[in-house]
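Colleague: I'd like a close look at one helix in this model, and then at how the rest of the chain is put together. Could you walk me through it in one go?

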Amino acid sequence: MDYSRKTIILPIVLVSSIILAIFSYNYFTQTATQIQDLAIDDLQTNAEIEAYSISNSLSNAISAITSNLRLIANSPSVLEGNLSKIQTLLNIGQETTNELTDGFYMLNRNGTLVTFTGIEKEENSGYNGIDLSHRTYFQIPKEDKTPFISTVIDSNDNIPRMYLSFPILESNQTRSSVTDELANRQGAVTTADVNMVGPSNINSTTFFKGVVVASIEAKTLGNFLESQIHPKLEADIAFMDRNGIVIYTQNQTFIGKDYFGDEFQSYVKSILKGKNVELNKIINKALNSESGVAEFTFGNSSTTIAHDPVAGPGINSNPEFTNRIGTLFITIPHTLAADAASIIDNQQITNFTILVSIASVAMVIAVVLLRWNKTLQRIVIQKTAQLQETVDKLTNANEELNRHDQMQKEFINVAAHELRTPSQAISGNLELIEMTYLPSLFEGPEGEEKKQGAFDKEFDELAKDKVKRQQFKSGLASTYRNSQRLERLVNNILDVSRIESKKFQLNKQHFNINEKIRNVIRDIHGKQMVNSLSNSYGQNIHIDFVPSEDPITVYADKIRIFEVISNLLANAIKFSNGKPVAITVKKIHRNTIDLKYQRSGNEVKEDNKNGNKDEMSVLVSIIDKGKGIDLEILPRLFTKFTTKSSQGTGLGLYLAKNIIEAHGGRIWAQNNYDNDEEGATFSFTLPLDN
């Protein structure tokens, strides 16, 4: 290659490199922007869909409550004042909507509390007959004769609630203007036909006789909304009523606060500095508009805010009852803009590097063409190695996905079996009750008196027949036991979902762990009695529990610790073959564990080696004399879906491990080896309340 040809090639290569770099920079900049826009659009769409879905769920739940109130208010029993039947209607209304409501009430025309759900409870006895005429949920239906839903009100028991009320109205016809005047004095509303005159004109008179009310605790409403969020959506949920009062947010200190009040605004201003005005505009628009979505940027992060109104009965005479009762907010924080900017900056540096590299390589090519071939070969080898490494990583990832898929299929099969078994038992028991003992129990609503008479006769015959009565009792016990089993399975699945979505929470308090163990033992014995009623498996297993000292106070979640102890004790009884089970409780130093607990490769290593040696823990051990733990599953005993039993999903020990470790404790298990003992020992530690 001569010099003149080199001088021509070099400028061409350099100019081409510069043009290529500029084009590449612009292309990747546009691509990054498009990716950002698509990602934000997709995020907003998901947020809007989630907000719409949850607001519909809440609106449907409110609609169901309103329907119950309407049916109760218009029922003959309410108009006739039959307290016994009114109480039954209120109880049915509460049972059908108990996922949201915590009580149904009836107030007479003077605003006095006549009856309510839960009236038979001793702690509620003081509320019967209380004057509630000053409450808006009584005053507005009385004045306007329309349904009403309140904002958050502090109830007489100091619990914030929302109230839905429905007026009880009775209509008749009169022919006397004197009667009309008297009815008006008594609180009746008269609508006369303006085209008719004379003392004998027929008037339609509506009398106000009181209201029926349903209450929704603010905390229950929040739990309902939280349960509706899809577990795979990393989002927060909030709900404000039509006046801007915070009904629910994950920050519990904000519940009940007026968002536009001085206290809340002072906090928002201190956190967001100058951005509080922008956020206030978004919130104010959401409270006064239909569904929508907005982007709020603060610092290097942004938040997608989707909102959707929740409809319900209003405060005026709207026949459709579609007035807004509040607004639902879904917030999804993200850093898409900052990430896109970072990608652009990195691409700019990469492009500059490519430009310099291409120019250098071009000059090298122009000078030494042969050496370039070797360089190219070396690059190919390097890239091939990187590609192979990438292929290996993808292969490993694919294998991991296959394992996960297989595990998921196994869980679905096990869960389906576990769900089917109790549900079939419940269905079979109810069908047996209908076919054998009480055929009229599930008949249609027509012929109520005849149906009631047949039912009473069948029930009397059942009560007289000792054998059938025992079989009926056994069937009910079996139904109860299977419903409990079904509930445990659903709760376990929900707890696993909360753990894996990082939403598992503890409600810690001080309590005596010895008393909690005694409660578990009483509960186990109670379940064994139910099993004996239904001729099911199980017998009264002797449980030996003598604590080393009493009381031993811990700071933990009472309900979750009850679940752990109950699960471990139930497993011990299940595999004990009728032999006694022992429970021991003692205090130990956190940084020391007795050598006898370091067996079978399940060593409990020292904790808190650099901490205070006086810090103490409580050690709880449950020992059975059964067949012991299968060595095949011992290493993965506390992982999901690990079981050798024909029953169970293998979630109990996984949940127990996560609960104990969330308290800062440890849990382990080993087979018994001392003195040729059979069986296994499950142990866990909890920090003591120092």
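What follows starts with the helix and then moves out to other parts of the chain.

Modeller: Keep in mind that this is a predicted model. The helix I'd pick is H8, which covers residues 276–287. H8 has 12 residues, and the distance from its first C-alpha to its last is 16 Å, close to the 16 Å expected at 1.5 Å a residue. Which residues of H8 are buried? They are Asn276, Leu279, Asn280, Ile282, Ile283, Ala286 and Leu287. Looking down the axis of H8, you'd find those buried residues within an arc of 160°, so they line one face of the helix. The spacing fits the usual rule: an α-helix has 3.6 residues a turn, so residues three or four places apart point the same way. On the face turned away from the buried side of H8 sit Lys281 and Lys285, both exposed.

Helix H3 (residues 83–96) makes a good companion case. Its 14 residues should span 20 Å at 1.5 Å a residue, and its end C-alpha atoms are indeed 20 Å apart. Buried in H3 are Ile86, Gln87, Leu90, Gly93 and Gln94. Seen down the axis of H3, these fall within an arc of 125°, so here too the buried residues line one face. Ser84, Glu95 and Thr96 are exposed on the other side of H3.

H3 also leads to Thr117, which is in the loop between strand E2 (113–116) and helix H4 (136–144). Thr117 has a relative accessible area of 13%, so it counts as buried. Setting aside residues up to four places away in sequence, Thr117 touches Gln87, Leu90, Asn91, Gln94, Gly103 and Phe104. Gln87, Leu90 and Gln94 are also among the buried residues of H3.

Now for the strands. E8 (residues 236–241) is mostly covered, with five of its six residues buried. It pairs with E9 (residues 246–248) in the antiparallel sense, over two bridges, and Met240 stands opposite Val246 in E9. Four residues lie between the strands of this hairpin, where Gly244 takes a positive phi near 85°.

Towards the other end of the numbering, five of the five residues of E18 (residues 667–671) are buried, so that strand is largely enclosed by the rest of the structure. Ile667, Ala669 and Asn671 point one way from E18, while Trp668 and Gln670 point the other way. The partner of E18 is E19 (residues 680–687): the two pair in the antiparallel sense over five bridges, with Gln670 opposite Thr681 in E19.

Two residues of the 680–687 stretch that makes up E19, Phe682 and Phe684, turn up again in the largest nonpolar core. That core has 48 residues, and Phe682 and Phe684 are among those that touch the most other members, along with Leu569, Ile583, Val618 and Leu637. Helix H14 (residues 558–574) gives the core its largest share, seven residues. Apart from it lies another core, of 42 residues, including Ala214, Leu221, Ile247 and Ala306. In soluble globular proteins, nonpolar side chains tend to be buried together.

Ala582 is in strand E16 (residues 581–589). With a relative accessible area of 23%, Ala582 is partly exposed. Beyond its neighbours within four places in sequence, Ala582 is in contact with Asp544, Ser621, Ile622 and Ile623. Ala582 and Lys625 are 43 residues apart in sequence, yet 9.2 Å apart in space, C-alpha to C-alpha.

For backbone geometry, start from the norm: most residues other than glycine have a negative phi, and most peptide bonds are trans. The bond from Asp550 to Pro551 is cis, with omega near 5°; Pro551 is in the loop between E14 (543–545) and E15 (553–557). Lys145, not a glycine, has a positive phi of about 60° and lies in the loop between H4 and E3 (148–149). Asn158 also has a positive phi, of about 65°, in the loop between E4 (153–154) and E5 (160–174). At 64% relative accessibility, Asn158 counts as exposed.

Zooming out, the protein has 15 helices and 19 strands, and 38% of its 690 residues count as buried. Of the contacts between residues at least 6 apart in sequence, 68% join residues at least 24 apart. The protein exposes about 39,400 Å², with carbon and sulfur atoms supplying 54% of that.

Terms used: Residues numbered from 1 in each chain as written. Predicted model: local features only at pLDDT ≥ 70, side-chain atom pairs only at ≥ 80, totals over all residues. Heavy atoms only, no water. Expected span 1.5 Å × (residues − 1). Buried < 20%, exposed > 50% of the residue type's maximum accessible area, 1.4 Å probe, protein only. Arc of directions from axis to C-beta. Core = buried A, V, L, I, M, F, W, Y, C linked by side-chain atoms within 4.5 Å. Pairing = 2+ DSSP bridges. Contact = heavy atoms within 4.5 Å. Areas by Shrake-Rupley, 256 points an atom, 1.4 Å probe, with all protein chains shown as cover.
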